[in-house]
Amino acid sequence: PWVRRGRRFVQIRVAAPDVRQLQTCKPLSWSTYTFERTGNVIHYAQTVGAAAGVNPGSVNWTGDELVAFKLHLPSRIIYHNVKRLEDGSNGDIDRGNILTWEQRFKDRRAGVPIAMDVRMDSESILYRTLWLFAGAFTAAVTLLIILIWLTMRRAKGKALPGQATQT
């Protein structure tokens with residue numbers, strides 16, 4: 001649990017060697033998962049179905065609370081199906097590779113499914129970033145070498161005060 005701007009959150013992180021096997025885990029069996037690679041595109045789909053339906057007892061929930069599902073993806077997003085909620089709050093893309101699907105708690109409790117569909121590049125953002133930095137570093141070193149070479153070339157043609165020029 002954590003708090004941001006006075007709002008309380010519960011965050012759960014899951015690490016698994018094969019996301020398609022998560023539905024065999026009892027606490028995650030309410031979702032179905034698809035993970036396929038076709039050429040240079042990776043397709044991830046998850047349908048979050050009805051929850052266990054157990055009454056949590058006496059709690060101070062109105063049903064207007066948000067339930068959010070976030071995906072932190074390792075590469076550039078080609079397609080996603082994130083949509084705005086009716087009241088203007090929305091699921092969204094953060095920093096280019098983080099998708100958020102939101103649903104009102106009353107809909108989540110009623111078992112309204114959320115279908116998450118994403119297609120992304122198979123090449124990671126880290127790979128592209130490393131190549132970008134390598135290219136920028138190479139360009140900077142090349143520019144520095146050219147500037148040093150031009151300075152030395154001009155210095156050969158000009159004599160310092162008190163020295164004779166070579167002919």
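The exercises below follow strand β4 and the nonpolar core of a predicted model.

**Exercise 1.** Determine which strands pair with β4 and how they run relative to it.

*Solution.* Begin with strand β3, residues 31-38, which is joined to β4 by eight bridges in an antiparallel arrangement, and within this pairing T34 stands opposite A45. Then look at the link between these two strands, a hairpin with two residues between them, where G39 takes a positive phi near 65°. Finally, turn to strand β9, residues 114-124, which is also antiparallel to β4 and connected to it by eight bridges; here V41 of β4 faces D121.

**Exercise 2.** Establish how far β4 is covered and what confidence the predictor assigns to it.

*Solution.* Taking burial as under 20% relative accessible area, six of the eight residues in β4, which spans residues 41-48, are buried, so that the strand is mostly covered. Next, compare mean pLDDT among the elements of the protein chain: β4 has the highest value, 92, while β7, residues 92-94, has the lowest, 62. For the protein chain, the mean is 81, with 86% of residues reaching 70 or more.

**Exercise 3.** Identify the residues with the most contacts inside the largest nonpolar core, and the strands that supply this core.

*Solution.* The largest nonpolar core has 19 residues, and those with the most contacts inside it are L73, L99, W101 and V118. Strands β4, β5, β8 and β9 each supply at least two of the core residues, with β9 giving the most, four. To examine one of these residues in detail, take V118: leaving aside residues up to four places away in sequence, its contacts include I42, H43 and Y44, as well as L73, L99 and W101.

Key: Residues are numbered from 1 along each chain as its sequence is written. This is a predicted model: local features need pLDDT of at least 70, side-chain atom pairs count only at pLDDT 80 or more; totals for chains, interfaces and linings use all residues. Side-chain values use heavy atoms; hydrogens and water are left out. Buried means under 20% relative accessible area, exposed over 50%, partly exposed in between (1.4 Å probe, protein chains only). Two strands pair if DSSP finds at least two bridges between them. pLDDT is the predictor's confidence in each residue, from 0 to 100. A nonpolar core is a set of buried Ala, Val, Leu, Ile, Met, Phe, Trp, Tyr and Cys residues joined through side-chain atoms within 4.5 Å. Contact means heavy atoms within 4.5 Å.
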